[in-house]
Amino acid sequence: PLGPGRPGSGVTSPKSSSSTRREKRTPPPSSEEESVTNSSVKTTETDLSRRQKQLEHAILDVSDEFICPLSKELMVDPVLAEDGNLYERQDLERYIIFKAKGGFTLKSPVTGKSMGSTIRNAATVKNTINKLVSSGAINIDNSARWKRKVQNEHLVETMKQRAAEGNGNAMYNLGVWHQFGRFGFKQDHAKAYSWYIKATDKGDPCGKANAGCCLIWGLGTPPNQLYGMHLLTSAANAENGSDFASKTLADMFDKGMLGMPQDDKKARYYYVKALEADPKYRQLTPEEREKIAKKLKNASAKKKAASSPSHVKQPSIGASVASWMGIAQCVAPQE
């Protein structure tokens, strides 16, 4: 059987009408309610603005605690001194060394009282500063040291990316930074040598020159003078050779170092080669290049003076007579 209200059942379901089915509509807000709502929104915005300003002032007050008393800059590597105050590591170390060399009593730059030279790391403070700077809560526009830090970090990341792509010169640069502890790296000769060898495998003459020196003097690797000299000579004699490799070989021939014969001609050859090196593969500083040029100039002047007839010592008449007469000592005046 069909149920009620279904077609063909003979029973009709109640008809829907506007009277029986009324929709509930929300009445429009009155002018008073709208005014209260707008006022609440404005109050909330005002509260948020006030809280934001309070937060900004609080951050500024906190950031003032991270200013080094010596450099007056936002600290990059904060440390705790024995006087209980925070300082930039580099500035505090210089201050302590200066006082020690001058024979002065070490006193706190803040309190003026005597203090010890012990320095402790402040890792928690360092992490806090890093987070505040990264979030933009602290403005670093007035901190030259932090600007350098950000620039250096970008440079390091770029260099690592280039090295990962197989660039030999980037590998060489990473080796140098590890060897001398630059751009945030700790000094590590073993890692430096590892990067130099990678650069050598890519055919970079600068990496090859430094790898050779590491092997010769045992820096970051067991010494192997034979292999080291091979790499150094290869780096110097390459078509686009290293000026540092040429200069090192020139020094060896000039002074007869490491079993090399003293040879002025070969020394001069490699000094000249160092000055003529491709600028792309230069490792020497302008001052070092200037010293080489001056050395070559002086050597050339001495050679010219020695070969000049006016500087050849002629025997005096007295000496000739003494020699002819067989007299051991001549008392005649010398020219």
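**Close-up views of a predicted model**

**View 1. Ser108 sits in the loop between α2 and β3.** What you see here, as in every view below, comes from a predicted model. Is Ser108 buried or exposed? With a relative accessible area of 4%, Ser108 is buried, since the cut-off for that label is under 20%. Look for its side chain meeting the side chain of Asp83: the two make a polar contact at 2.5 Å. Setting aside neighbours within four places in sequence, Ser108 is also in contact with Asn85, Tyr87, Tyr95, Lys113 and Met115, among others.

**View 2. Three strands make up an open sheet, in the order β2-β1-β3.** The pairing is antiparallel. As a bit of background, strands of a sheet pair through backbone hydrogen bonds. On the edges are β2 (86–88) and β3 (120–121), each of which pairs on one side only. Helix α2, residues 89–102, packs on this sheet and touches β1, β2 and β3. The direction of α2 makes about 90° with that of β2. Now zoom in on the pairing of β1 (residues 78–80) with β2: these two run antiparallel and are joined by three bridges. Which residue of β2 stands opposite Val79? That would be Tyr87. Tyr87 has already turned up in the first view, as one of the residues in contact with Ser108.

**View 3. Here is the largest nonpolar core, with 21 residues.** The residues with the most contacts inside this core are Phe66, Leu74, Leu92, Ile129, Val133 and Trp146. Helices α2 and α3 (123–135) each supply at least two of its residues. Which element gives the largest share? It's α3, with four residues. In soluble globular proteins, nonpolar side chains tend to be buried together.

**View 4. Leu74 has plenty to show in a view of its own.** Not counting residues up to four places away in sequence, Leu74 touches Ser63, Phe66, Ile67, Ile129, Val133, Ile138, Ile140, Ser143 and Trp146. Elsewhere in the chain there is a second, separate core of 20 residues, which includes Val176, Ala192, Tyr196 and Cys206. The next two views visit helices that hold some of these residues: Val176 is among the buried residues of α5, and Cys206 is among those of α7.

**View 5. Helix α5 is mostly covered, with eleven of its 13 residues buried.** From its first C-alpha to its last, α5 reaches 19 Å, close to the 18 Å expected at 1.5 Å a residue. The buried residues include Gly168, Met171, Tyr172, Leu174, Trp177 and His178. What do they pack against? Their partners are α4 (144–164), α6 and α7. Check both ends of the helix, too. Asn167 caps the N-terminal end of α5, with a side-chain oxygen 3.0 Å from the backbone nitrogen of Asn169. After α5 comes Gly181, whose phi is positive, near 65°.

**View 6. Helix α7, residues 205–217, is largely enclosed by the rest of the structure.** Why say so? Because twelve of its 13 residues are buried. Among them are Pro205, Lys208, Asn210, Cys213, Cys214, Leu215 and Ile216. The cover over these buried residues includes α5 (168–180), α6 (189–201), α8 (225–237) and α9 (243–255). Like α5, α7 has a cap: a side-chain oxygen of Asp204 lies 3.2 Å from the backbone nitrogen of Cys206, at the N-terminal end of α7. Following α7 is Gly218, with a positive phi near 70°. As for reach, α7 goes 19 Å from its first C-alpha to its last, close to the 18 Å expected at 1.5 Å a residue.

**View 7. Leu249 is found in helix α9, one of the helices that cover α7.** Leu249 counts as buried, because its relative accessibility is 1%. Leaving aside neighbours within four places in sequence, Leu249 is in contact with Met229, Leu232, Thr233, Ala236 and Tyr270. Try finding Ala267 as well: its C-alpha atom is separated from that of Leu249 by 7.3 Å, and the two residues are 18 residues apart along the chain.

**View 8. Zooming out, the chain has twelve helices and three strands.** Buried residues make up 29% of its 335 residues. Of the contacts in the chain with a separation of 6 or more, 43% are between residues 24 or more positions apart.

Terms used: Residues numbered from 1 in each chain as written. Predicted model: local features only at pLDDT ≥ 70, side-chain atom pairs only at ≥ 80, totals over all residues. Heavy atoms only, no water. Pairing = 2+ DSSP bridges. Contact = heavy atoms within 4.5 Å. Axes fitted to C-alpha atoms, helices over the stretch in contact; angles between N-to-C directions. Core = buried A, V, L, I, M, F, W, Y, C linked by side-chain atoms within 4.5 Å. Buried < 20%, exposed > 50% of the residue type's maximum accessible area, 1.4 Å probe, protein only. Expected span 1.5 Å × (residues − 1). Polar contact = N/O pair within 3.5 Å; in protein donor to acceptor, adjacent residues only side chain to side chain.
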